[in-house]
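I am opening a notebook on this structure. The entries below follow the order in which I looked things up.

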Amino acid sequence: MSGHEPIKLGVLISGSGTNLQAIIDRIAEGTLNATIELVVSSRPSAYGLKRAQAAGIQTLTLDKAIYADPIQADMVIATELKQHNVDYVVMAGYMRMVHDPILATFPNRVLNLHPALLPSFKGAHAIQDAYDYGVKVTGVTVHFADNRYDCGPIIAQRALPVEEGWTVDELEAHIHEIEHQLYPDVIELLAEGRVHVGDDGKVRIDPAA
């Protein structure tokens, strides 16, 4: 763990919040130098809200009426994140695209997690798509989000060999295991100030001190 001040996170969720829980747990055990200032959910029924509340984290839920205008919704979210002095925005199972109000407020500071090795298998059904294609290796990508779906500079990837006979549910379980390790690991790299986006749009990670 670095001697830096903890970085402040805003986490965007839509569902069960298992990656949110992984981040909460790593902070609690002292292996992630961060604080979660706000959890924003696109769905009031998201179980991740209960995880946030159990950890004493402030939450914000936006209803469908606000999301009828996605730009307006993102303006609301960006304003709330700024008011909480957030350093990085972490998309954790957030099933909506983020737009300029958030991206421009947090340039190269919006993280997304994708359950495949980008640029392969973009979209919302990446695990099923990779399984159906019959790939022998898939994995997890963490990248900075931009205004294109599942694009933006890649920060880290971790590969997963697909074993013969796995069901798609078994593949998904192994993907989630990697997500819960890799996402907090990448956030810790950010906390240590080791992640940089070059002029060529590629990410460079400094070696450990």
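In which strand is isoleucine 7 found? I looked it up and found isoleucine 7 in strand β1. I note at the start that the model is predicted.

**Entry: isoleucine 7**

I checked the exposure of isoleucine 7 next. Its relative accessible area is 9%, under the 20% limit, so I list isoleucine 7 as buried. I then listed its contacts, leaving aside neighbours within four places in sequence. Isoleucine 7 touches Asn33, Ala34, Thr35, Asp87, Tyr88, Ile187, Leu190 and Ala191. I also took one C-alpha distance: isoleucine 7 and alanine 28 are separated by 14 Å, with their positions 21 residues apart along the chain.

**Entry: the sheet**

I turned to the sheet. It is open, has 7 strands and runs in the order β3-β2-β1-β4-β5-β6-β7, with mixed pairing. The edge strands are β3 (59-61) and β7 (154-161), each of which pairs on one side only. On average, neighbouring strands are turned by 20° against each other, direction ignored.

I looked at one pairing in detail. Strands β1 (residues 7-13) and β2 (residues 34-41) run parallel and are joined by 7 bridges. Within this pairing, isoleucine 13 has serine 41 as its bridge partner in β2, and leucine 12 stands opposite valine 40. How many of the 8 residues of β2 are buried? I count 6, and I note β2 as mostly covered.

**Entry: helix α4 and aspartate 74**

Which helix did I find packed on the sheet, touching β1, β2, β3 and β4 (88-91)? It is helix α4 (residues 70-83), and its direction makes about 155° with that of β2. Aspartate 74 lies in this helix. I searched for a salt bridge there and found none, although aspartate 74 is buried. The nearest side chain of opposite charge is arginine 96, at 6.4 Å; a salt bridge needs the atoms within 4 Å, so this pair does not count. Residues up to four places away in sequence aside, aspartate 74 touches Met97, Val98, His99, Pro101 and Ile102.

**Entry: salt bridges**

How many salt bridges does the count come to? It comes to 6. I noted several of them.

- Aspartate 146 and arginine 148 form a salt bridge, with the closest N and O atoms 2.7 Å apart. Aspartate 146 is buried at 18% relative accessible area, while arginine 148 is partly exposed at 48%.
- Glutamate 192 and arginine 194 meet in a salt bridge at 2.9 Å, N to O. Glutamate 192 is partly exposed at 21%, and arginine 194 counts as buried at 16%.
- Aspartate 206 and arginine 204 meet in a salt bridge at 2.7 Å, N to O. Aspartate 206 is partly exposed, with a relative accessible area of 22%.
- Arg26, Arg158 and Asp185 are joined into one network by salt bridges that share partners.

**Entry: the aromatic pair**

I searched the whole structure for aromatic pairs and found 1. Phenylalanine 121 and tyrosine 133 form this pair, which is edge-to-face, with 5.8 Å centre to centre and 70° between the planes. What does the pair tie together? Phenylalanine 121 lies in the loop between β5 (110-114) and α6 (126-133) and tyrosine 133 lies in helix α6, so the pair ties together parts that are 12 residues apart in sequence. For exposure, I have phenylalanine 121 as partly exposed at 21% relative accessibility and tyrosine 133 as exposed at 67%.

**Entry: backbone details**

The loop between β5 and α6 also holds proline 119. The peptide bond from leucine 118 to proline 119 is cis, with omega near 10°.

I then noted positive phi values in residues other than glycine. Asparagine 108 has phi near 50°; it lies in the loop between α5 (100-105) and β5 and is partly exposed, with a relative accessible area of 37%. Aspartate 150 has phi near 60° and sits in the loop between β6 (137-144) and β7. Is aspartate 150 buried or exposed? At 8% relative accessibility, aspartate 150 counts as buried.

Conventions
Residues are numbered from 1 along each chain as its sequence is written. This is a predicted model: local features need pLDDT of at least 70, side-chain atom pairs count only at pLDDT 80 or more; totals for chains, interfaces and linings use all residues. Side-chain values use heavy atoms; hydrogens and water are left out. Two strands pair if DSSP finds at least two bridges between them. Helices (H or I, at least four residues) and strands (E, at least two) are DSSP runs, numbered from the N terminus. Axes are lines fitted to C-alpha atoms, for helices over the stretch in contact, and angles run from 0 to 180 degrees between N-to-C directions. Contact means heavy atoms within 4.5 Å. Buried means under 20% relative accessible area, exposed over 50%, partly exposed in between (1.4 Å probe, protein chains only). Lys and Arg count as positive and Asp and Glu as negative; His and the chain ends are not counted. Rings of Phe, Tyr and Trp (its six-membered ring) pair if their centres lie within 6.5 Å; planes under 30 degrees apart count as stacked, over 60 as edge-to-face and the rest as tilted.
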